[in-house]
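Visitor: Could you take me through this structure by way of its charged contacts, its nonpolar interior and its backbone?

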Amino acid sequence: MTDDPTNAPTDAPSPELLEAGRLLFAGSADFATAAPALGALPPMEGVEIAFAGRSNVGKSSLVNALTGRNTLARTSHTPGRTQQLNFFRIGERLTLVDMPGYGYAAVEKAKVEAWTKLIHAYLKGRSNLARVYLLIDSRHGLKEIDTDLLDGLDKAAVSYQIVLTKGDALKKAEIEKRIAGIHAALAKRPAAYPEVLLTSSRDDRGVAELRASIARLLQERGA
């Protein structure tokens with residue numbers, strides 16, 4: 001861990017990797033399609049990454065911060081606004097998937113259950129899915145409902161990385177404690193990527209590091 005946990009990873013990305021991440025998201029970023037059910041999923045082409053997390057954790061806001069486009073992904077103060085798998089094309093090499101939030105949502109229970117099944121089915125059956133970025137509200141940390149998803153990702157051998165959101169709401173000592181606790185929780189999880197990132201879509205904290213992490217993943221995949 002770096003001396004300043006508000007920035008990054010165990011090993012801070014190199015200037016070259018930061019620039020690769022900037023360039024990756026400086027190009028085109030366009031909505032491609034929405035899939036309300038497995039039968040509506042687009043063909044598996046190129047590299048996909050997915051953003052998952054509890055309802056109202058800030059997925060859509062972080063997608064917009066990553067791409068520098070304030071309205072690419074719809075944001076709302078109402079949990080459960082994202083009701084399908086939303087696919088965004090990032091340049092020519094990457095597809096980013098904004099997933100329905102799990103847990104509380106201001107809609108009927110049957111619809112929430114349907115979203116949950118869709119999420120788990122997608123995660124298990126998408127061979128070009130390179131990594132799931134699991135967003136966790138930094139103010140609250142990992143909850144039981146999050147660990148249920150982690151169990152499923154470990155079982156399916158799907159690589160995932162924890163990204164803390166709303167990091168501007170915590171003081172430095174609180175951030176250190178939160179990151180240390182998550183590292184401890186992930187220590188024995190086989191599919192967990194060991195680097196925990198802290199971000200804030202409000203002040204762009206950690207966004208450059210997240211872009212660099214994604215760029216590194218593409219390099220590892222030869223994309």
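**Salt bridges, cores and backbone**

Guide: In this predicted model, R189 and D151 form a salt bridge in which the closest N and O atoms are 3.0 Å apart. The two partners come from distant parts of the chain, R189 from the loop between α5 and β7 and D151 from helix α4, with a separation of 38 residues.

Visitor: Is R189 buried or exposed?

Guide: The cut-off for a buried residue is a relative accessible area under 20%. Because R189 has a relative accessibility of 18%, R189 counts as buried.

Visitor: Which residue does the side chain of R54 meet in a salt bridge, and how many residues apart in sequence are the parts that the pair ties together?

Guide: The side chain of R54 meets that of D146, at 2.3 Å from N to O. R54 lies in the loop between β2 and α2 (59-67), whereas D146 belongs to helix α4, so the pair ties together parts of the chain whose separation in sequence is 92 residues. R54 is buried at 15% relative accessibility, and D146 is buried as well, with a relative accessible area of 0%. The partner asked for is therefore D146, and the parts tied together are 92 residues apart.

Visitor: Which residue meets E195 in a salt bridge?

Guide: E195 sits in the loop between α5 and β7, and its partner is in helix α6, 21 residues apart in sequence. At 7% relative accessibility, E195 counts as buried. The N to O distance is 3.2 Å, and the partner is R216.

Visitor: Which residues of the largest nonpolar core touch the most other members?

Guide: This core has 32 residues, and the elements giving two or more residues to it include β2 (47-53), β3 (85-90) and α3 (109-125). Apart from it lies another core, of 29 residues, with L24, F25, V63 and A212 among them. In the largest core, the residues that touch the most other members are M99, Y122, L123, V132 and I162.

Visitor: What is the phi of K166, and why is a positive value worth pointing out?

Guide: A positive value is worth pointing out because most residues other than glycine have a negative phi. K166 lies in the loop between β6 (160-165) and α5 (172-186), and at 25% relative accessibility K166 counts as partly exposed. D204, in the loop between β7 (197-198) and α6 (207-220), also has a positive phi, of about 65°. For K166, phi is near 60°.

How values were computed. Residues are numbered from 1 along each chain as its sequence is written. This is a predicted model: local features need pLDDT of at least 70, side-chain atom pairs count only at pLDDT 80 or more; totals for chains, interfaces and linings use all residues. Side-chain values use heavy atoms; hydrogens and water are left out. Helices (H or I, at least four residues) and strands (E, at least two) are DSSP runs, numbered from the N terminus. Buried means under 20% relative accessible area, exposed over 50%, partly exposed in between (1.4 Å probe, protein chains only). A nonpolar core is a set of buried Ala, Val, Leu, Ile, Met, Phe, Trp, Tyr and Cys residues joined through side-chain atoms within 4.5 Å. A salt bridge is a side-chain nitrogen of Lys or Arg within 4 Å of a carboxyl oxygen of Asp or Glu.
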